[in-house]
Every structure is written in structure tokens, then in C-alpha cells.
Amino acid sequence: MEYNLYINGKSVPCHSHMDIFNPATGELLGKCPVAGREQLDAAVSAAAEAFKSWSQTSDEVRKAACHGMGKILEDHAEELAKLVTEEQGKPLNGLGSRFELGGCQAWTHYTADLELPVKVVQDNEEGYVELHRKPVGVVGSITPWNWPLMIAIWHVVPAIRSGNTVVIKPSPYTPLGTLRMVELMAASLPPGVLNVISGRDDLGQMMSEHPGIQKIVFTGSCATGGKIMASAAPTLKRLTLELGGNDAGIVLPDVDPQAIAEGLFWGAFINGGQTCAALKRLYVHEDIYEDVCAALTGYAANLPMGNGLDENTALGPVQNEMQYNKVRDLVSDAVANGARVLLGADPKEGPGYFYPATLLADVSNGMRIVDEEQFGPALPIIKFSSLDEAIEMANASENGLGGSVWSADVDRAKEIALRMECGSVWINKHGMIQPNVPFGGVKKSGIGVEFGEEGLKEYTTIQAVYS
Ligand code: NAD
């Protein structure tokens, strides 16, 4: 099936296409438009024209429009979930594509009801000063391939809610779900408020450079985030960058390994580990190290891996060949350097990029699988003897997205949480983000936050009015 762009309230065919394959079967799934400068200019012009009136609409109109998009997501949830599974690989069930569509709806409705009221900062005999939050203009959204629809929603809905207009470009690995979702949602909005263009990576660079775009919201790798900062600099665009993570979990000796095994496993293996704030390095106290390794292995050993369309599948394929090769190479490197394989590390021949859930013991900082973001179904488990040592190893990373502490003593765990260098820390769970809590990275994991009032503010500028 050939997909179209959606620009200025119309479905727009494209003369050039690329093939999109199902990562579970290798079969052709659809043909994605490859847009260039001409289509980008058309989308930006439409968004700029629409901004003139959309930015002047009332709060009530925008709120209703966002709830309207939420309703469309509800009505098409099953169709979109199936497309996400076929294109991205994650299972329909568990923390898979139906969960992703549920998240899309929850975030849309929650964000619709957020408000940024006028704030009076001075009201005395010397004067009266109000702060108004005004939309930025045309927002360019660039998204990755791991949670393609959820992340698109995280960008699009707050932008529109606060009076901006949007041009979104999905990842070339997973464009089809976004093309379809945006076509459905944009048809409920005035023409030009929401536009989608797809293409290769160079289209993202063109967006970052485009003088008609006032802000880029980007979710993806640290390397690309740096490139976007550089190409956005000459036009001084506003940026929100949600980048890579290498989240550490610290397990104290007072836990029951059996009781935490399921939470640890899904903290790491949600979406086959292809999640920004997944648990990517697990530090376990020496007293319970072998017990935690055994509990995790026991939990993971019999989880069914396969095509996500099968209702029983718990683990799907890696999304693409590049990522599959990266995970395989990092595991091989760890094994060559003395890692003990507790589970997995033995991928079968295709079709499909199926890499088994892999648990590695006897690993340490300094090994590539610990120091680099694996972004796939392999978890290194590192032994520590003192808490200071564990915190130092956890913080020895350029990234600072999430982290977790696992302990029966929540107060003690909170003290440790505050010593971890990351934007979010969970106690006895990992990666449970919420639409009302700001989420973002420190160090190289990003600039700015998404979600909640703080996230919404990133789509606005302040105007101070003195009277
Ligand atoms: P990626 O950086 O390769 O690609 C992301 C997007 O950027 C794609 O749409 C791509 O076409 C575009 N792009 C590529 N080169 C570009 C350029 N020079 N200029 C502008 N755009 C360009 O990332 P990915 O592999 O799709 O995603 C995986 C990464 O994303 C992981 O590192 C993961 O941790 C991170 N991530 C972070 C979050 C978060 O919220 N912090 C969420 C999800 C994923």
C-alpha cells in the first residue's frame, strides 16, 4: 500500500517512495513517501499560514480540539496498534502496541486539560505586571522508531494545545503509523495546523535548518541531537531534546530477589529494551548477586518470543538490522571479555530480527555493553560491594535520563536516589512515566522536559505586560 503525506488539510501523494518492511517477517508492509525540500516548504508554509489564526483561538477551542484528537485515537486504537506491531515489532499485548495506543489517549486527554493561565507577578502602587504564555510559531517534530506513535503524541499535542502549528517527520524506520495517525487527527483540525512529511534523515536536517520553523522538538539519539543543535543554531531555534539513556538500577541487599524479578525484567526489556528510559545496567549487591541473577533468569527463561500479532507473544523482534547488529556485537564483545551468559546470546537464523532476551553476569564498567547504550534485549548485571562504589559506577556515564533503586527501605532508597545523576529516579520500579510529571534528561540525555505544565511551557515564550 502506498502512503501519502498530509499537508494543509489534504492527503498529498509523493512521486518518490521507499519500502517499509515488517521486522518480524521481513515482508513488505507499505511504501512510504520520500519528501524533499519542495514538500517541506509546502508544509512549513501551510503551518505558518495556519498559525496566524490558530494562535489566536481561545483556550476552550484548543482544549476541545485536543480532546477531539483523543477521541479519534480511541476510535482507531485497534487499527493503529496493529500497524505499530507490524511496523515496529512490539507485541500487541503486555507493554506493547495496545499499551502504546492507551498511552497516546491518556497523554492527549491529560494534556488537553492543562492550562497556562496569565500570572500576575506584581500588583502594587508601583505597577501591575502580567506574564502571558504565547505560542512559539511553527514547531518541527522529529521522532524515533521505538515508540513511534506515543512520542509523536508527546510532541504534537502540547504544541497544538498551546497554540502552535506543527510539521512532524517520523523515523524512516517506522513512518507508516505516524502517517496514518496524523492523517486521522489532522482532518479534525483547521487545514495547516498539523502536517506530516516523511523521508530520510536529510529531511530532519532540512527541518532543523529551515527559517520558517521556530522550534524543534526532537526525540532520538545523542549524536543526532548534537547535529540538530548545530544545524538549528544559525536560525536560533528553540529546542527540546529528549536523547539517549543508559539507565542504572541499584539493588540493595535487603530485597527479596523473587519478589522484584518481574519488575526488574520489564524495566529492562520493555519493547525489547528499545526504550529510552529502560534499565540498561543493573548493579546488584554481592550478598544477593547470584540470587538476583537466578530469579531474573527463572522469570525470563520461558517468555514466548515471536511475531507480535500473535496474542501470546511476550517479546517481539528488534526493529531493524542496524540495531540487531549493534546488540549482537555488544553481547559478543562482552562474552569475549569474560561475561557469563545466564540466558540468551544465541540468536537463530531469520526471517525477522529476533534476538533472544539475554542476561549477562560477571560484567563491569569499562565493557562496551555497560558503557554504551545497547538499546536492545540484553542486560548486563554488575556486582558491587559498597554503596558508594555502586553510586559512583552508576554515575560514571555521559547519560542521565533515568535510574532506579530497589530496597525494602524506601527512605534509604530515596537518599540514594538523590545522589544519582539523572532526570527521573524510581524506587522499586523503573521507567514508569506519567503525563503529569516532567520527564527529561540531564548531562548528554537532553535539554528541556516534556509532560505536565513544565513540558507545556516549552512550547511557549513569555510576554510581560506592564501597566
Ligand atoms: P536517531 O537519532 O537515529 O533518529 C531519530 C530521528 O532523527 C529520525 O526521525 C531520523 O530520521 C532523524 N535524523 C537523523 N539524522 C538527522 C539529522 N542530521 N538532523 C535531523 N534529524 C535527523 O534515533 P533512533 O535510533 O531513531 O532512536 C533511538 C534513540 O532515541 C536512542 O538513543 C534512545 O535512547 C533515544 N530515545 C530517547 C527518548 C527520550 O525521551 N529521551 C525516547 C525515545 C528514544
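This is a chat about a predicted model, covering its domains, two helices, aromatic rings and a few single residues.

User: How is the protein divided into domains?
Analyst: The domain assignment gives domain 1 as 5–243 + 442–466, and domain 2 as 247–427.

User: What separates the centres of domain 1 and domain 2?
Analyst: Taken over C-alpha atoms, the centres of domain 1 and domain 2 are 30 Å apart. The contact takes 26 residues from domain 1 and 34 residues from domain 2.

User: And how many Å² do domain 1 and domain 2 bury between them?
Analyst: About 2500 Å², with 56% of it on carbon and sulfur atoms. On the domain 1 side, Pro 23, Trp 145 and Lys 443 lose the most area to domain 2, together 22% of what that side buries.

User: Trp 145 caught my eye. Which residues does Gln 323 touch?
Analyst: Not counting residues up to four places away in sequence, Gln 323 touches Trp 145, Gln 274, Val 318, Gln 374 and Phe 375. Gln 323 is found in helix H11 (residues 321–336).

User: Is Gln 323 buried or exposed?
Analyst: Gln 323 has a relative accessible area of 5%, so it counts as buried.

User: Switching to helices. Where does H4 run, and what span should it have?
Analyst: Helix H4 covers residues 97–112. Its 16 residues, at 1.5 Å a residue, should span 22 Å, and the end C-alpha atoms are 22 Å apart, so the two agree.

User: Which residues of H4 are buried?
Analyst: The buried ones are Ser 97, Glu 100, Leu 101, Gly 103, Cys 104, Gln 105, Trp 107, Thr 108, Thr 111 and Ala 112. The buried residues of H4 pack against helix H2 (59–75), helix H3 (77–88), helix H5 (148–161) and H15.

User: Why might residues three or four places apart point the same way?
Analyst: An α-helix has 3.6 residues a turn, so residues three or four places apart point the same way.

User: OK, H2 next. What span should H2 have?
Analyst: The 17 residues of H2 should span 24 Å at 1.5 Å a residue, and its end C-alpha atoms are 24 Å apart, so that agrees too. In H2, Arg 62, Lys 63, Ala 65, Cys 66, Met 69, Gly 70, Ile 72 and Leu 73 are buried.

User: What covers the buried residues of H2?
Analyst: The cover includes helix H1 (37–54), H3, H4, H5 and helix H6 (176–186).

User: Rings now. How many aromatic pairs does the structure hold?
Analyst: The structure holds 12 aromatic pairs. One of them is Phe 439 with Phe 451, which is stacked: 5.8 Å centre to centre, with 15 degrees between the planes.

User: Where do Phe 439 and Phe 451 sit?
Analyst: Phe 439 is in the loop between strand S19 (424–427) and strand S20 (442–443). Phe 451 is in the loop between strand S21 (446–447) and helix H15 (452–457), 12 residues apart from Phe 439. Both Phe 439 and Phe 451 are buried.

User: Which residues form one aromatic cluster with Phe 439 and Phe 451?
Analyst: Trp 107 and Trp 154 join Phe 439 and Phe 451 in one aromatic cluster. Trp 107 is also among the buried residues of H4.

User: Which ring does the charged end of Lys 90 sit over?
Analyst: That one is Trp 147, with the charged end 3.7 Å from the ring centre. Lys 215 lies over the face of Tyr 459, 4.9 Å from the ring centre.

User: Tyr 459, hm. What is Lys 134 in contact with?
Analyst: Leaving aside neighbours within four places in sequence, Lys 134 is in contact with Tyr 459, Thr 460, Thr 461 and Gln 463. Lys 134 lies in strand S6 (residues 127–135), and with a relative accessible area of 36% it is partly exposed.

User: Last topic, backbone oddities. Which peptide bond is cis?
Analyst: The bond from Gly 350 to Pro 351 is cis, with omega near 10 degrees. Pro 351 lies in the loop between strand S14 (340–343) and strand S15 (358–363).

User: What is phi for Leu 236?
Analyst: Phi of Leu 236 is near 50 degrees, a positive value in a residue other than glycine. Most residues other than glycine have a negative phi. Leu 236 sits in the loop between helix H8 (222–232) and strand S11 (238–242), and at 68% relative accessibility it counts as exposed.

User: And Asn 271, buried or exposed?
Analyst: Asn 271 is buried, with a relative accessible area of 6%. Asn 271 has a positive phi of about 55 degrees and lies in the loop between helix H9 (257–269) and strand S13 (279–285).

How values were computed:
Residues are numbered from 1 along each chain as its sequence is written. This is a predicted model: local features need pLDDT of at least 70, side-chain atom pairs count only at pLDDT 80 or more; totals for chains, interfaces and linings use all residues. Side-chain values use heavy atoms; hydrogens and water are left out. Rings of Phe, Tyr and Trp (its six-membered ring) pair if their centres lie within 6.5 Å; planes under 30 degrees apart count as stacked, over 60 as edge-to-face and the rest as tilted. Helices (H or I, at least four residues) and strands (E, at least two) are DSSP runs, numbered from the N terminus. Buried means under 20% relative accessible area, exposed over 50%, partly exposed in between (1.4 Å probe, protein chains only). A charge sits over a ring if NZ of Lys or CZ of Arg is within 6 Å of the ring centre and within 35 degrees of the ring normal. The expected span of a helix is 1.5 Å times one less than its number of residues. Contact means heavy atoms within 4.5 Å. Domain bounds come from an automatic or database domain assignment. Buried area is the accessible area (1.4 Å probe) that two parts lose on being put together, summed over both.
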